[in-house]
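I opened this notebook to record what I looked up in the structure below, taking the aromatic rings, then the metal site, then the pockets.

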Amino acid sequence: MNKRELKRFKAALEQKRDAILGATGKKAHWENMEDTRHGDFVDQASDDNEVHVNLRLLQTDAKLLRAIEAAIDRIDKGNYGICTVCEGEISLARLKAVPWTSVCIACKEKKTA
Ligand SMILES: [Zn+2]
């Protein structure tokens with residue numbers, strides 16, 4: 001992969017990371033607001049459901065965030081686009097679809113199979 005492509009992937013990853021961090025910040029703020037409503041039993045049940053959904057979203061974001069940061073790290077180290085399992089090249093099409101991926105499509109399929 002050439003430097004220009006790497007730069008483009010890095011910019012895309014950083015943009016995605018910032019988007020997640022921005023969204024997580026908003027969610028944390030929303031949770032603080034929920035805290036002030038404790039003791040309001042009228043719709044406590046529906047609040048609990050919302051909190052569960054919210055936590056699941058945060059966990060997904062945290063996982064994605066780690067993957068994105070690892071990918072940026074690989075760009076800096078110069079081994080971005082190399083499968084961490086078989087050390088083969090990850091196809092450009094796959095990287096364009098999932099820029100934070102660390103495994104090639106063959107290894108990904110083996111993992112999920
Ligand atoms: Zn592989």
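How many aromatic pairs does a search of the whole structure find? I am working from a predicted model, and in it my search of the whole structure returned one aromatic pair. I noted the ring centres of Phe9 and Tyr80 at 5.5 Å apart with their planes at 50°, so I entered the pair as tilted. The pair links distant parts of the chain, since Phe9 sits in helix α1 (residues 3-35) and Tyr80 in the loop between α2 (44-77) and α3 (92-97), 71 residues apart. I also checked accessibility, and both Phe9 and Tyr80 are buried.

I turned next to the zinc ion, whose protein donors are the SG atoms of Cys83, Cys86, Cys104 and Cys107, lying 2.2 to 2.3 Å from the metal. Along the chain I read their spacing as C-x2-C-x17-C-x2-C, and the angles among the four donor atoms run from 106 to 116°, a tetrahedral site. Are Cys83 and Cys86 buried or exposed? Cys83 has 1% relative accessibility and therefore counts as buried, whereas Cys86, at 44%, counts as partly exposed.

Last, I looked up the pockets. The largest pocket holds about 370 Å³ of space, and of its 15 lining residues the closest to the centre are Ala67, Trp100, Thr101, Ser102 and Lys108. Helix α2 gives the largest share of that lining, six residues, and by type I recorded six nonpolar, four polar and five charged residues. The second largest pocket holds about 150 Å³; Tyr80 is among its lining residues, as are Met1 and Leu6, and its lining divides into seven nonpolar, two polar and one charged.

Key:
Residues are numbered from 1 along each chain as its sequence is written. This is a predicted model: local features need pLDDT of at least 70, side-chain atom pairs count only at pLDDT 80 or more; totals for chains, interfaces and linings use all residues. Side-chain values use heavy atoms; hydrogens and water are left out. Donors are N, O and S atoms within 2.8 Å of the metal (3.2 Å for Na, K and Ca); water is not among the atoms, so sites may look incomplete. Four donors count as tetrahedral if all angles lie between 85 and 135 degrees; four count as square planar and six as octahedral if opposite donors are over 155 degrees apart and all others between 65 and 115; anything else is irregular. Buried means under 20% relative accessible area, exposed over 50%, partly exposed in between (1.4 Å probe, protein chains only). Rings of Phe, Tyr and Trp (its six-membered ring) pair if their centres lie within 6.5 Å; planes under 30 degrees apart count as stacked, over 60 as edge-to-face and the rest as tilted. Helices (H or I, at least four residues) and strands (E, at least two) are DSSP runs, numbered from the N terminus. On a 1 Å grid over the protein atoms alone, a cavity is a set of points where a 1.4 Å probe fits but cannot get out, and a pocket is an open set with protein on both sides within 12 Å along at least five of seven lines; lining residues have an atom within 4 Å of a point. Grid points are joined across faces, edges and corners, and a volume is the space filled by probe spheres set on the points. Ala, Val, Leu, Ile, Met, Phe, Trp, Tyr, Cys and Pro count as nonpolar, Asp, Glu, Lys and Arg as charged, and the others, Gly among them, as polar.
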